[in-house]
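This note is addressed to a colleague who wishes to go through the model point by point. Please keep the sequence and the coordinates at hand while reading.

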Amino acid sequence: MTIQTVLQTVVKAADDKKALNIVALDMRDVSGVMDTLVVMEAMNARQIDAIVDNITEAIKKNGGDIHGVEGVGADGWVLIDLIDVVINVMTHDARLTYSLEKLWHDAPDIDVDAWLSA
């Protein structure tokens, strides 16, 4: 799977479970660890778990590999590591606390709107 295909799969799977405020950042010039960072919100722990399950199932279905999943919905933050793409599914409070977009403010946004349902 190309990074573009992975990103599209992730965004669509997250959107299917009503993830909020999905942001993708191009990390190639600012991080030696990943190419793309995705951050999104869920309303509660159950929704975090549903989003994570849907993303991991969609990636596997399309032939991708899950390198690891860290955290549980009850903690308010789950990270999915796809090696080149790292996905963070967080509650609103966790997102405000850790401010990943501010931390990586110099990374350009990737437009994901075309993959979101209307």
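The points below take up the sheet, its strands, a helix residue, an aromatic pair and a pocket.

1. Basis of the note. The structure is a predicted model. The remarks that follow should be read with that in mind.

2. Overall sheet. The model contains an open sheet of 6 strands with mixed pairing, and the strand order is 3-4-5-2-1-6. Its edge strands are strand 3 (68-70) and strand 6 (109-110), each of which pairs on one side only.

3. Strand 5 and its burial. How many of the residues of strand 5 are buried? Strand 5 covers residues 85-91, and 7 of its 7 residues are buried, which makes it mostly covered. The cover extends to both faces: V85, I87, V89 and T91 are buried on one side, and V86, N88 and M90 are buried on the other.

4. Strand 5 with strand 2. Strand 2 (residues 36-42) runs parallel to strand 5, and the two pair over 7 bridges. Within this pairing, L37 stands opposite V86, and V38 stands opposite I87.

5. Strand 5 with strand 4. In contrast to the parallel pairing with strand 2, strand 4 and strand 5 are antiparallel and pair over 5 bridges. I87 of strand 5 is the bridge partner of I80. I87 thereby appears in both pairings: it stands opposite V38 and is bridged to I80. The hairpin formed by strand 4 and strand 5 has 3 residues between the strands, and I83 there takes a positive phi near 75°.

6. Strands 1, 2 and 6. Strand 1 (residues 20-26) runs antiparallel to strand 2, to which it is joined by 5 bridges. L20 of strand 1 stands opposite E41 in strand 2. Strand 1 also pairs with strand 6 in the antiparallel sense, over 2 bridges. In that pairing, the bridge partner of L25 is D109 in strand 6.

7. Helix 2 and T56. Is T56 buried or exposed? This residue lies in helix 2 (residues 45-61). Its relative accessible area is 11%, and because the limit for a buried residue is under 20%, T56 counts as buried. Leaving aside residues up to four places away in sequence, T56 touches I66, V69 and I80. Of these contacts, V69 falls within strand 3 (68-70), and I80 is the residue bridged to I87 in strand 5.

8. Aromatic pair. The structure holds 1 aromatic pair. The ring centres of W77 and Y98 are 4.6 Å apart and the ring planes meet at 45°, so the pair is classed as tilted. Since W77 belongs to strand 4 (residues 77-81) and Y98 to helix 3 (residues 92-98), the pair ties together parts that are 21 residues apart in sequence. Both partners are partly exposed: W77 has a relative accessible area of 25%, and Y98 has one of 47%.

9. Largest pocket. What is the volume of the largest pocket? The value is about 190 Å³. The pocket is lined by 14 residues, and those closest to its centre are M1, V6, D65, L82 and D84. By class, the lining divides into 8 nonpolar, 4 polar and 2 charged residues.

Key
Residues numbered from 1 in each chain as written. Predicted model: local features only at pLDDT ≥ 70, side-chain atom pairs only at ≥ 80, totals over all residues. Heavy atoms only, no water. 1 Å grid on protein atoms, 1.4 Å probe; cavity = no way out; pocket = protein on both sides within 12 Å on 5 of 7 lines; lining within 4 Å. Points joined across faces, edges and corners; volume = space filled by probe spheres on them. Nonpolar A, V, L, I, M, F, W, Y, C, P; charged D, E, K, R; others polar. Helix = DSSP H or I, 4+ residues; strand = E, 2+ residues; numbered from the N terminus. Buried < 20%, exposed > 50% of the residue type's maximum accessible area, 1.4 Å probe, protein only. Contact = heavy atoms within 4.5 Å. Phe/Tyr/Trp six-rings, centres within 6.5 Å; stacked < 30°, edge-to-face > 60°. Pairing = 2+ DSSP bridges.
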